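Me: I would like a close look at one part of this protein. Please take the open sheet and what surrounds it, and keep it brisk.

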Amino acid sequence: MPETERRRPTKTIHLGNLLLGSQYPVRVQSMTNTSTENAEETICQINNLVQHGCEIVRVAVPDEKALASLPAITSSVSVPVIADIHFRCDLAIKALKTGIKGLRINPGNIGSTDKYIALLRELASFPDIALRIGVNAGSLEQSLMKQVVAGELRWEQAMVDSALRYAKIAEEEGFENMKISLKASRVMQTVRAYRLLSSQCDYPLHLGITEAGTPLRGAVKSSIGIGMLLSEGIGDTFRVSLTGDPVLEVKTAYEILRALEIRKRGPDLISCPTCGRTQIDIISLVEKVDEYISTIPRHIKVAVMGCVVNGPGEAREADIGISGGKDSGVIFKKGQVIRKVPYERLFQAFQEELKRLLEESEDE
Ligand code: SF4
């Protein structure tokens, strides 16, 4: 089934030239962790993220120094840059003139409703900038908070009510180029909130499991939370939040999309779990292969298997694979062994054969 057929229908919005919504692929985002003030480092990190398939990048803009770097950053990278601004409506207004294509704010902490409206009025002059309304369970309006505390309203409904209230204010100001995200601390609470939101509006949704944690914990929580929603057709863009190198966020995002068969960018790497038959150091080999293929945009299946006896057969659906033997290994394609080489030359042989495979399939 084409991806768009199982998506919840949404409006289409745009971040510069990039279109977002149910008629377009689910977009992968990440956020830099360099100091935005340091334009050179930030540009370098964004370019690295883009090489790994990142399509939208968010940068934190906490102060004037970070703001001053934005023109250099936005003019040097090939993807839309979103400025992430909290508390400072003045900074958000100034950021509109720096080449950004998106602005992420939490209207609940931007100062006041009047300031939010002032920002929306400024935004009207920048039609290529999209707004993300990011509502946080921790900074809900007093009236909603009271109802939650009194047990009259569930957290998730309160977050949805808050987000829709801000969206309505924007609509009243004639602004609709926006997407919405909800930030809650627990995975299932987040899932429930997005389900509710998706049934009550047709704006594109940005998904994320906030403060998900270290790469392992974060990847698990994000895969469950974001994966559940995407599998239900909910979500038009997402960020996997991890405490670590943001490239890992992008890699994890594509693993989620691949596992759900939503998008197939880049190679799929399968590797055997290893067992008593393993005769080579497969863990370091698989890491090397993973790194080597990580910037290849084409979708191919690559396998790294521990033994020659079962490896090629078990991974026969792989376009290319390596299997280890005693002090040597083989390269195979679709289950057929094509080369046997000593262990020291195994990785090099794999690189050569992969290159050949990519060239051959390009010619087809
Ligand atoms: S491929 Fe070989 S080493 Fe790997 S799990 Fe299967 S039998 Fe064990």
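Reply: Here is the sheet, followed by the ligand shell, the domains and one helix residue. The model is a predicted one.

Start with the layout. The sheet is open and has 5 strands, in the order 11-12-13-14-15. Its pairing is mixed. Strand 11, residues 268-271, is one edge, and strand 15, residues 336-342, is the other. Each of these two pairs on one side only. On average, neighbouring strands are turned by 20 degrees against each other, with direction ignored.

Now the strand 11 edge. Strand 11 and strand 12 run parallel, and 4 bridges join them. Strand 12 covers residues 301-305. Within this pair, Asp 268 stands opposite Lys 301 of strand 12.

A helix lies across this part of the sheet. Helix 10 spans residues 282-293 and crosses strand 11, strand 12 and strand 13. Strand 13 is residues 320-324. Against strand 12, helix 10 runs at about 165 degrees.

Next comes the ligand. Residues around the ligand include Cys 272, Thr 274, Cys 275, Arg 277 and Thr 278. Met 305, Gly 306 and Cys 307 are also in the shell. Asn 310, Gly 311 and Glu 314 complete the list. Sorted by class, the shell holds 4 nonpolar, 5 polar and 2 charged residues. Met 305 also belongs to the sheet, as strand 12 is residues 301-305.

Step back to the domains. The domain assignment gives domain 1 as residues 3-259 and domain 2 as residues 268-363. The centres of domain 1 and domain 2, taken over C-alpha atoms, are separated by 38 Å. Contact between them involves 5 residues of domain 1 and 5 residues of domain 2. About 410 Å² is buried between the two domains, and carbon and sulfur atoms give 46% of that area. On the domain 1 side, His 52, Lys 251 and Arg 258 supply 74% of the area buried against domain 2. That is more than any other three residues.

Last, a residue from elsewhere in the chain. Leu 164 lies in helix 6, residues 155-172. Leaving out residues up to four places away in sequence, Leu 164 touches Ile 180, Leu 197, Gln 200 and Cys 201. Take Gln 200 as one of these partners. Leu 164 and Gln 200 are 36 residues apart in sequence, yet their C-alpha atoms are 8.4 Å apart in space.

How values were computed
Residues are numbered from 1 along each chain as its sequence is written. This is a predicted model: local features need pLDDT of at least 70, side-chain atom pairs count only at pLDDT 80 or more; totals for chains, interfaces and linings use all residues. Side-chain values use heavy atoms; hydrogens and water are left out. Two strands pair if DSSP finds at least two bridges between them. Axes are lines fitted to C-alpha atoms, for helices over the stretch in contact, and angles run from 0 to 180 degrees between N-to-C directions. Contact means heavy atoms within 4.5 Å. A residue is near a molecule or strand if one of its heavy atoms lies within 4 Å of it. Ala, Val, Leu, Ile, Met, Phe, Trp, Tyr, Cys and Pro count as nonpolar, Asp, Glu, Lys and Arg as charged, and the others, Gly among them, as polar. Domain bounds come from an automatic or database domain assignment. Buried area is the accessible area (1.4 Å probe) that two parts lose on being put together, summed over both.
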